[in-house]
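This report introduces a protein structure to a reader who has not met it before. The sequence and the structure are shown first.

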Amino acid sequence: SVDDGALVSRGGRGYLFTERDDCTDCHLRVEVRVNAKGNGGLYFHAEYGFGFDLARFNGSGFTPVGYEVEVGTPQGAGITSAAGTVSRCGPGVDITRSRVRAAGDGMRPDTWARLEVIAGGDRRTVRLDGREVVAFTEPAPVRRRGHFALQSLTPDTTVAFRGIEVK
């Protein structure tokens, strides 16, 4: 739904993909807010659809092939890493071993945070409230272009996104 100019998802697994799939070198800025028990994500360079089977890693369901930036609080359901952590989701990737963990304490519940994702060439950078929390070089990227997608993951999640800018 849309509440006060924000895209809001309440409860359950859901994804909202951009129509365009031409993000290669891009800079995404978004404000995000999640409740204390929430677990959401922001995908970039994502393939449209759900081609990555989480059952391979004792999970359930499918998720897009691409990169997921964790959006959640330490109390969130299923959260094992700080907000800003990047997971690689793709063929031949062990998601449990390929995460690039974010530095810092992550997000506070029910508080707007500014999240930035910068993908340029082989470099991936994530900033949370202006502070760099992840930076790495990806010599063999899972994907080099694709969609952005907003994610809500668990039944207890309320996640909101606003002020979305891409350049």
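The sections below treat a sheet, its strand pairings, a surface patch and a pocket.

## The open sheet

The model described here is predicted. In it, 7 strands form an open sheet with antiparallel pairing, and their order is 1-2-14-4-10-11-12. Strand 1 and strand 12 (131–137) stand at the edges; each has a single partner strand, so one side of each is left without a neighbour in the sheet.

In general, the strands of a sheet pair through backbone hydrogen bonds, in either a parallel or an antiparallel sense.

## Pairings of strand 2

At one edge of the sheet, strand 1 (residues 2–3) runs antiparallel to strand 2 (residues 6–10), and 2 bridges join them. The bridge partner of V2 in strand 2 is L7. Strand 1 and strand 2 form a hairpin with 2 residues between the strands, and in this hairpin D4 takes a positive phi near 50 degrees.

Strand 2 also pairs with strand 14, again in the antiparallel sense, over 4 bridges. Here L7 stands opposite F161 of strand 14. Strand 14 itself covers residues 158–166 and includes V166.

## A nonpolar surface patch

Which residues make the nonpolar surface patch of about 420 Å²? The patch is made by V2, L7, L16, I164 and V166. Two of these residues, V2 and L7, are the bridge partners already described between strand 1 and strand 2. Another member, V166, lies in strand 14.

## The second largest pocket

The second largest pocket holds about 310 Å³ of space. Its lining consists of 18 residues, of which T18, R20, L28, F148 and V166 are the closest to its centre. V166 thus appears in this group and also in the surface patch.

Several strands contribute to the lining of this pocket: strand 3 (14–17), strand 4 (26–34), strand 13 (147–152) and strand 14 each supply at least two residues. Strand 13 gives the largest share, with 3 residues. Sorted by class, the lining of the second largest pocket comprises 12 nonpolar, 3 polar and 3 charged residues. Among the contributing strands, strand 4 and strand 14 also belong to the open sheet.

Terms used. Residues numbered from 1 in each chain as written. Predicted model: local features only at pLDDT ≥ 70, side-chain atom pairs only at ≥ 80, totals over all residues. Heavy atoms only, no water. Patch = residues over 30% accessible without salt bridge, like charges linked within 9 Å, V, L, I, M, F, W, Y side chains within 5 Å. Areas by Shrake-Rupley, 256 points an atom, 1.4 Å probe, with all protein chains shown as cover. Salt bridge = Lys/Arg side-chain N within 4 Å of Asp/Glu carboxyl O. 1 Å grid on protein atoms, 1.4 Å probe; cavity = no way out; pocket = protein on both sides within 12 Å on 5 of 7 lines; lining within 4 Å. Points joined across faces, edges and corners; volume = space filled by probe spheres on them. Nonpolar A, V, L, I, M, F, W, Y, C, P; charged D, E, K, R; others polar. Pairing = 2+ DSSP bridges.
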